[in-house]
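I sat down with this one today and kept a few notes as I went. Here is what I looked up, entry by entry.

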Amino acid sequence: MTGTAAPFAADDYRARMERAARSAAEAGLAGLLVAPGPDLVWLTGYAPPATERLTLLVLAPGQDPVLVVPALEAPDAAKAPGASALTLRDWTDGKDPYAVTAPLLDTGGRFGISDNAWAMHLLGLQKALPGTSYASLTEALPMLRAVKDRAELELLAAAGAAADAAFEEIRKLPFGGRRESEVAADLADLLRRFGHSQVDFTIVASGPNGANPHHEVGDRGIERGDMVVLDFGGLKDGYGSDTSRTVHVGEPTDEERRVHDLVRAAQEAGFHAVRPGAACQEVDRAARAVIADAGYGEYFIHRTGHGIGVTTHEPPYMIEGEEQPLVPGMCFSVEPGVYLPGRFGVRIEDIVTVTESGGRRLNDTTREMVIVD
């Protein structure tokens, strides 16, 4: 992961690490092992490169947090915003990093470990401590980062506002006669202009390419009469944006308007299903029912939403079978779509946060059909 960690204080990181350790104990785990990546950034503010050298945060109930780091990276680790809330333990090249780590762990414990931990590091731990076992953090503690505090919500709202500003500018630019890749480059530039340090994706899917939800931008020329799906986002001050709008080059057909209106109604239904205590799957069901009732159910081919925070995709997921109750402070996308193979697609996406009484959108650009040149 790249990008700048959000400007939280050491006490914020201390509280997060304490909460994570408690959550591990409540889940029956001996502790958590956190490798470089979004979990480590969220817990400590430290964003080192993920390399073959072991870096690992060890969190366990009843003991102080310890960050095992390569000696050559220890000075940078000591400057991390959360460094004063933990103990650094370094190891030097030529030494066994697992010999340094093993004394910190219960020799027979079951640990949650970062999903993106390197296999060689996990295997090294297992060899050093054959009595231990492991579960991915997404499996063991899927809601670890899901509920955002006030400061995190403000950062997510600012990221959403920046993405909205990018859309308001891109809609003023010409589409017809230009390549998808050129419009995508404009979108990336706009996201950076409005404060993003990291651009994760700029999908520009024109005409039949719009029927592929994760279309890879190419050199197709955008033509008059094309529907164009725009899906873009990244990180601003360490927190994510992700929004989709579908525009049309010139006047749309009646069918294109009808499908766009259908997706807009589905997105509205999904948004209004957001309330504390509702299961995540209820958001998916509400949006999906609108599309299915109109006869387009087979063309809505993905979940309705995903969580967002220090990454642009994380738990919770708005999908059938997810019974996790919504809790105030959760943030996630609501993004139904209809994809007609070989013809066009439509997707409308907002980031939504759960409030005490319902939901609040963090994206405010129009969801009506936008006509571009």
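**Entry 1: the sheet**

How many bridges join strand 2 to strand 3, and do the two run parallel or antiparallel? I should say at the outset that I am reading a predicted model. I found three bridges between strand 2 (residues 56–59) and strand 3 (residues 66–70), and the two strands run antiparallel. I picked out one partner in strand 3: Val66 is bridged to Val58.

Next I looked up the whole sheet. It is an open one of six strands, in the order 4-3-2-1-5-6, with mixed pairing. At the edges I have strand 4 (87–91) and strand 6 (133–136), each of which pairs on one side only. From one strand to the next, the twist averages 25°.

Then I asked what helix 5 touches. Helix 5 (residues 119–128) packs on the sheet, where I see it touching strand 1 (31–34), strand 2, strand 5 (110–113) and strand 6. The direction of helix 5 makes about 155° with that of strand 6.

**Entry 2: the nonpolar cores**

A reminder to myself: in soluble globular proteins, nonpolar side chains tend to be buried together. Here the largest nonpolar core has 34 residues, and Leu32, Leu43, Leu57 and Leu67 have the most contacts inside it. I noted who supplies at least two residues each: helix 1 (10–26), strand 1, helix 2 (38–44), strand 2, strand 3, helix 3 (74–78) and helix 7 (150–170). Helix 1 gives the most to this core, with four residues.

I took a look around Leu32 as well. Leaving aside residues up to four places away in sequence, Leu32 touches residues including Ala20, Ala24, Leu57, Val58, Phe111 and Leu141.

There is also a second, separate core of 19 residues, and I listed Ala166, Phe167, Phe175 and Val372 among them.

**Entry 3: aromatic rings**

I counted aromatic pairs and got four in the structure. Why is the pair of Phe8 and Tyr13 edge-to-face? Their ring centres are 6.2 Å apart and their planes stand at 90°, so the pair is edge-to-face. Both Phe8 and Tyr13 are buried. Tyr239 joins Phe8 and Tyr13 in one aromatic cluster.

**Entry 4: charges over rings**

Last, I checked for arginines sitting over rings. The charged end of Arg288 sits over the ring of Phe300, 3.9 Å from its centre. I noted the charged end of Arg361 over the ring of Phe271, 4.1 Å from the ring centre.

Technical notes: Residues numbered from 1 in each chain as written. Predicted model: local features only at pLDDT ≥ 70, side-chain atom pairs only at ≥ 80, totals over all residues. Heavy atoms only, no water. Pairing = 2+ DSSP bridges. Axes fitted to C-alpha atoms, helices over the stretch in contact; angles between N-to-C directions. Contact = heavy atoms within 4.5 Å. Phe/Tyr/Trp six-rings, centres within 6.5 Å; stacked < 30°, edge-to-face > 60°. Buried < 20%, exposed > 50% of the residue type's maximum accessible area, 1.4 Å probe, protein only. Lys NZ or Arg CZ within 6 Å of the ring centre and 35° of its normal. Core = buried A, V, L, I, M, F, W, Y, C linked by side-chain atoms within 4.5 Å.
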